[in-house]
Amino acid sequence: MTADHKMIRQRVKALLDKPGNGNCADCGAADPEWASYTLGVFVCHSCSGLHRNIAQISRVKSLILDPWTPSELEFIDSVGNNAAKAKYEQLVPAFYYCPTFKDCMVLRDQWIRAKYERKEFMCVEKQEPYSAGYREGFLWKRGRDNGQYLSRKFILSEREGVLKYFNKHDAKEPKAIMKINTLNATFQPSKMGTAHGLQITYLKDNSTRNVFVYHEDGKEIVDWFNAIRAARLHYLQVAFPGTPNSELLPKLTRNYIKEGYMEKTGPKHTEGFKKRWFTMDDRRLMYFKDPLDAYARGEVFIGSKENGYTVLPELPSSIQGYHWPFGIMIVTPERKFLFACETEEDQKDWIAAFHTVINRPMLPQEYAVEAYFKHKP
């Protein structure tokens, strides 16, 4: 290693040790190994690939593998992550979803483009597509029965408190009306098999209904997602006046605690075990024949341990018949639910997911949901 090379290495290390530079400027991942020498920010390997999509604005190099000139290092030293955030994220709306390294590519790509390419958070007027309280457009929606994606008109109206879609472009009456108060949206690219796949859920007669949509344009689908979050925040601010935003923001949208296949048997425990797709959505455990079904075959409410709910890594010894080897029993005040997992790792993951809910005290509004489940026929 030449003396110059060694000096540059030491300079890079000193830059990374400065406040703010030890995490990726865009997704927060620790120990970034890349930097944009035109923007002056330090980024992780994954986000560096997304910066290449805006090469006219951001040019990236590896801090370890690529050569650096003194003037390039001088520039990134003069900016750095904290100063860049203060500039490019100065007007991020409270409801806007700021992705982390755990989020899907479309969210991270659009976050980077919104900041540096479109400069949305330096000018409020550029936030109109998701902050206006009304949005209208076309999304590809999966058919409930045939699984085909067809273009459907969607309207989000904060004033009416609904998201609705129409089966025909000139239809007067909507096919479905989803109330903002029960609405959720979560990106599901791997489950849906499309990079921009968004799963929207809402409650209809207290049962969960799934709507699967996507748009070819990443900006369009992320704008819809943030428009839903904006509408949800304004609804919650009215419904819970005086509640600080810090308490409302985690409720705007949520990812599922866990999803995957397990086997289940019926209430009498004499039926054979059937493989089903399970989704743990807060306190609702739902099961589906197919991961993209519109309606769950069944839903189980999972309360807290103080209210008589427990989870055990076993099945009763009396259970007969073939099933996957790793059992789980959820005990509720009314009955026991029996499940089986294919691997021990799956069993541990599901039990950990159930514990996150069971170990959390129930909120007042959750007692009403529990009462509904108890009296459901």
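Helices here are DSSP runs of H or I with at least four residues, counted from the N terminus. By that reckoning Asn81 sits in helix 4, which covers residues 80–88. This is a predicted model, so read everything below as a description of that prediction.

## The overall layout

Let's zoom out before coming back to Asn81. The protein chain carries 11 helices and 17 strands, and its C-alpha trace spans about 75 × 55 × 45 Å along the principal axes. Of the 377 residues, 48% are buried. If you take the contacts with a separation of 6 or more, 51% of them link residues 24 or more positions apart.

The chain is split into domain 1 (3–89), domain 2 (125–251) and domain 3 (258–375). Between the C-alpha centres of domain 1 and domain 3 there are 46 Å.

UniProt, in an unreviewed entry, lists "domain: PH" for residues 132–233 and 255–359. Here is how those two stretches look in the model:

| Stretch | Helix | Strand | Distance between end C-alpha atoms |
|---|---|---|---|
| Residues 132–233 | 20% | 45% | 13 Å |
| Residues 255–359 | 14% | 37% | 19 Å |

## Asn81 and its surroundings

Back to helix 4, the home of Asn81. Is Asn81 buried or exposed? Its relative accessibility is 1%, so Asn81 counts as buried. A polar atom of the Asn81 side chain lies 2.8 Å from the backbone nitrogen of Phe42. Phe42 also turns up among the contacts of Asn81 once neighbours within four places in sequence are set aside, along with Gly40 and Val41. The rest of that list is Gly20, Asn21, Asn23, Cys24 and Ala25.

## Cysteines without a bond

A disulfide is a covalent bond between the sulfur atoms of two cysteines. How many disulfides does the structure hold? The count is 0. Two cysteines illustrate this.

Take Cys47 to begin with. The closest cysteine sulfur to that of Cys47 belongs to Cys44, and at 3.8 Å it is too far for a bond; the cut-off is 2.5 Å. Cys47 is buried, at 1% relative accessible area.

Then there's Cys123. For its sulfur, the closest cysteine partner is Cys98, and 18 Å is too far for a bond. Cys123 is partly exposed, with a relative accessible area of 24%.

## Strand 16 and its partners

Now for some sheet. Strand 16 takes in residues 326–331, and 5 of its 6 residues are buried, so the rest of the structure largely encloses it. Strand 16 pairs with strand 15 (residues 310–312) in the antiparallel sense, over 3 bridges. In that pairing, Thr310 stands opposite Val331.

Strand 16 also runs antiparallel to strand 17 (residues 336–341), and 6 bridges join them. Here Val331 shows up again, standing opposite Lys336. Strand 16 and strand 17 make a hairpin, with 4 residues between the two. As a general point, side chains in a regular strand alternate between the two faces of the sheet.

## Three loop residues

Which loop holds Thr253? Thr253 falls between helix 9 (245–248) and strand 11 (258–264). Despite the loop address, Thr253 is buried, with 11% relative accessible area. The Thr253 side chain makes a polar contact with the side chain of Arg229, at 2.6 Å. Beyond its neighbours within four places in sequence, Thr253 touches Asn184, Ala185, Phe225 and Arg229.

The remaining two are aspartates with a positive phi. Asp31 has phi near 55°, a positive value in a residue other than glycine. You'll find Asp31 in the loop between helix 1 (3–16) and strand 1 (34–36), and at 61% relative accessible area it is exposed.

Asp205 likewise has a positive phi, near 55°, without being a glycine. Asp205 sits in the loop between strand 9 (198–204) and strand 10 (207–214). Why does Asp205 count as exposed? Its relative accessibility is 68%, and the bar for exposed is over 50%.

Key
Residues numbered from 1 in each chain as written. Predicted model: local features only at pLDDT ≥ 70, side-chain atom pairs only at ≥ 80, totals over all residues. Heavy atoms only, no water. Domains from an automatic or database assignment. Buried < 20%, exposed > 50% of the residue type's maximum accessible area, 1.4 Å probe, protein only. Polar contact = N/O pair within 3.5 Å; in protein donor to acceptor, adjacent residues only side chain to side chain. Contact = heavy atoms within 4.5 Å. UniProt positions renumbered as here; feature names shortened; annotations may be inferred. Pairing = 2+ DSSP bridges.
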